[in-house]
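Visitor: Before we begin, please explain the terms you use as you apply them. I should like to see the reasoning behind each description.

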Amino acid sequence: MVRAAGGLTVRAPVTDLPLVLDRVSLNAGATRILDRVSLTITAGAPTLIVGPNGAGKTSLLRLCMGLLSPSAGAVTWGGRDDRAPVRRAIVFQRPVMLRRSAAQNIAYALAQAGVPRHARAARVCELLDRVGLAALSGRPARRLSGGEQQRLALARALARDPEILLLDEPTASLDPAASRAVEEIVLRAAQGGIKIVMASHDLGQVRRLAGDVVFMLRGTVREQGRAADFLDHPSTSEANSFLRGDLVI
Amino acid sequence: MVSRLRKFVLAALCGFTLGFAPALSADRSIVVASTTSTEDSGLFGYLLPLFTAKTGIAVKVIAQGTGQALDTGRRGDADVVFVHAKAQEEKFLAEGFGVKRHDVMYNDFVLIGPKADPAGVKGKDIESALKTIQTKEAPFISRGDRSGTHTAELALWKQAGIDIEAGKGSWYRAIGQGMGAALNTASALQAYVLSDRGTWISFKNRGDLDILVEGDKRLFNQYGVMLVNPEKHPTVKKDDGQAFVDWLISPEGQAAIAGYKIDGQQLFFPDAEKKGS
Amino acid sequence: MSDELSAWQLIIGLDPALLAIVRLSLAVSLSALALAALIGLPLGAMLALLRFPGRPVFVVLLNALMGLPPVVVGLAVYLLLSRSGPLGAFGLLFTPTAMVIAQTIIIIPIIAAPTRQTVEDLWHEYRDELIAMDVGPIGRMMTLLWDARVSLFTAVLAGFGRAAAEVGAVMIVGGNIEGFTRTMTTAVVLETSKGNLPLAMGLGIILVAMVIAINAVVWTTRAWSARQAG
């Protein structure tokens, strides 16, 4: 949503997708973290980003969120390169909870997203229900379990009414039950029209969620395509080794 | 949660500001710069309520050394100065900071020391006592703070023919504090100290100390009062300040001064001239 | 205040002069604390979040000012507020307001310096999330200050302790005037110099009890807050 003059909130008239990365590089000192990555993300089924540790998945997501700036190359949203997008949100692998209750965490995210005070209470309840935390609304957020905190982080992200939701290995530290809960929320969000871009370590998760897969290695995109194609018939040998479970250097 | 805390903080702040309101809206008051010896003797606690009851003017006393009190007057931070060092007061007058000087009261200085009197100075002659102290290098506490008492002490050394600046050694301790503090130090160190009688009589921590030399004419201590010159500092409350000066030298004020006693002993002796000096 | 009565008799008899002194001490120290917190908390937070050339110098300076000698502040404020000084027209010298001003200056660094450290540490933890939620600079400051409140209580308490114990500055700018600017600490000095050591000690004990009571209140609030924060 965009805050127009007079305090009204209106839907942004333009869409922020497709997200196009054109030969984007990212350096940290002498190290090349992303090397001429070219990628197009369009609306539709979830895109899962896979690859070994250090491939640059996290950096790619952070760059898409605006937490990092590219050292070279161009990033365009919805065909524009002048204005940063508003309706995007991110969930980190280890979420940081504000030192307040679960409901207040969500209310905070709503406030930052420009939702007027009188509308917040209803939205907070709605979001708590959506992630299954209605019973814990008054609990101090930092005392929630890992899975509950991740679901709360999801609620905070969804509070921003995003067009694109970035997730950085959100279930990597969670037990299977908590992971399933998170995946269900993500799937429902995708079915509701939100574009999901998610880094994952878990090939089973890729099979369950992905429409498209992007395979990264050493800061570059090695292969990308429809999930079924990639998982059953990868075109590159590295992808093959990766899917077999080898350590791909 | 945040708004509740904000409301609480605001309420607390209002409460404290209002708590100051009575002090700020005090109707009539004057600031009198006086000396620590007068304050420590308790005279003001006795005298001022009488003045306030009669005139409705509150008197705020700042107690400092005489030199400091006169400087406060020079800066215009006081309306009246009430001190006891005639030479310094006349300099103040000559510089144009005071309107007119009036004698108010006198008492005397006494030489205090340990009852056992290790230096053997007991007697009636202050000059020979000081000479003995210096010769025997007996421990001596000096105010060291440009106060009336300090000024008198320095004058006495000079009269005794001693150049104290050159002649002082580690036996001479200048502490730069008020009379009470000096007596405390003398009590703790078993030393000699020059004090005004008023402070001594009301002092409670005597320990082993006692009066060793008194009655010498040179130990006479005169107090004077002056209104700070409104021409130098237009903010001086000249009417109320003058009212205080007038009351001090009036028969009523003089009788009040004479009425101040501790353990039946009178501390200050009124001596204002009927027409001022 | 009567010299003959002991300190305990004064407390039990609720001696009005004693009550006035206690009320003034609390009013001055708590007012100075409120003002210093109002200034020092945002100041520390801003210094933690902003980046500008020469910032390390300011950080070191702020830390060093925690050790600013109170008497020096008292003297400086005295010269400022004196009738012969630049702010003399306000007639604030020898009033409780002057005492509040001096104490506020003294305790601002005591609150601001630890705040800067606490907010800086918390920023490292919150950085990604707050940027991801599009939180602006003022929002970051407010959020970090609120979330760090449990730690900041300690800084604020340190400030109060210093204000309540302070005697040099309030003596100089207040003048220790009976009934107007006499606080617990300056009363202790006065009674000591009059040789009334038992009374002075009694006043001192009352002062310590007052500070302990306030610390207890803050401790309870802090514990409650910590439970809320999780």
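Guide: The following exchange takes the three chains in turn and then their contacts. The model is a predicted one.

Visitor: What makes the strands S4, S3 and S6 of chain A an open sheet, and which of them stand at the edges?

Guide: The order in chain A is S4-S3-S6, with antiparallel pairing. Strand S4 (31-41) and strand S6 (72-77) each have a single partner strand, so one side of each is left without a neighbour in the sheet. These two strands therefore stand at the edges. Direction ignored, neighbouring strands of this sheet are turned by 20° against each other on average.

Visitor: How do you know that S3 and S6 of chain A are paired, and in which sense do they run?

Guide: Pairing requires at least two bridges between two strands. Strand S3 (residues 19-28) of chain A is joined to S6(A) by 5 bridges, so the criterion is met. The two strands run antiparallel. One of the residues involved is A:Ser25, whose bridge partner in S6(A) is A:Ala72.

Visitor: Which helix lies across S3 and S4 of chain A?

Guide: That is helix H1 (residues 57-65) of chain A, which runs at about 60° to S4(A).

Visitor: What is the strand order of the sheet of 6 strands in chain A, and what is its pairing?

Guide: This open sheet has the order S7-S8-S9-S5-S10-S11, and its pairing is mixed. At the edges stand strand S7 (88-91) and strand S11 (220-226) of chain A; each has a single partner strand, so one side of each is left without a neighbour in the sheet. From one strand to the next, the twist averages 15°.

Visitor: How do you know that S5 and S9 of chain A pair, and in which sense?

Guide: Strand S5 (residues 47-50) and strand S9 (residues 195-199) of chain A share 3 bridges. At least two are needed, so the strands count as paired. The sense is parallel. Within this pair, A:Ile49 has A:Ala199 as its bridge partner in S9(A).

Visitor: What is the secondary structure of chain B, and how much of the chain is buried?

Guide: Chain B has 12 helices and 12 strands. Of its 277 residues, 46% are buried. Among its contacts between residues at least 6 apart in sequence, 77% join residues at least 24 apart.

Visitor: What does the secondary structure of chain C come to?

Guide: Chain C has 10 helices and 0 strands. Along the sequence, its pattern is α-α-α-α-α-α-α-α-α-α. Its C-alpha atoms fill a box of roughly 70 × 45 × 25 Å along the principal axes. In this chain of 230 residues, 49% count as buried. Of the contacts between residues at least 6 apart in sequence, 76% join residues at least 24 apart.

Visitor: Why is H3(C) called oblique to H5(C)?

Guide: Helix H3 (residues 55-65) and helix H5 (residues 96-132) of chain C pack at an angle of about 135°, with their axes 8 Å apart. An angle from 65 to 115 degrees would count as roughly perpendicular, and one over 145 as roughly antiparallel. The angle of about 135° falls in neither range, so H3(C) is oblique to H5(C). The crossing of H3(C) with H5(C) is left-handed.

Visitor: Which residues make the contact of these two helices?

Guide: H3(C) contributes C:Val59, C:Leu62, C:Asn63 and C:Leu65, while H5(C) contributes C:Pro109, C:Ala112, C:Ala113 and C:Arg116. These residues divide into 6 nonpolar, 1 polar and 1 charged.

Visitor: What makes a residue of helix H6 of chain C count as buried, and which residues are they?

Guide: A buried residue has 20 or more other C-beta atoms within 10 Å of its own. In H6 (residues 137-147), C:Arg140, C:Met141, C:Thr143, C:Leu144 and C:Asp147 are buried. Their cover includes helix H2 (16-49), H5 and helix H7 (149-165) of chain C.

Visitor: How many residues does each chain give to the contact of chain B with chain C?

Guide: Chain B gives 27 residues and chain C gives 21. On the side of chain B, helix H1 (2-24), strand S2 (58-64) and helix H9 (179-189) each supply at least two residues. H1(B) gives the most, with 8 residues. The side of chain B divides into 13 nonpolar, 9 polar and 5 charged residues.

Visitor: How many residues come from chain A and from chain C where those two chains touch?

Guide: The contact takes 14 residues from chain A and 14 residues from chain C. On the side of chain A, they divide into 9 nonpolar, 1 polar and 4 charged.

Definitions and conventions:
Residues numbered from 1 in each chain as written. Chains lettered and ligands numbered in written order. Predicted model: local features only at pLDDT ≥ 70, side-chain atom pairs only at ≥ 80, totals over all residues. Helix = DSSP H or I, 4+ residues; strand = E, 2+ residues; numbered from the N terminus. Axes fitted to C-alpha atoms, helices over the stretch in contact; angles between N-to-C directions. Contact = placed C-beta atoms within 7 Å. Parallel < 35°, antiparallel > 145°, perpendicular 65-115°, else oblique. Left-handed = near helix turned anticlockwise from the far one by under 90°. Nonpolar A, V, L, I, M, F, W, Y, C, P; charged D, E, K, R; others polar. Buried ≥ 20, exposed ≤ 12 C-beta atoms within 10 Å, placed from the backbone.
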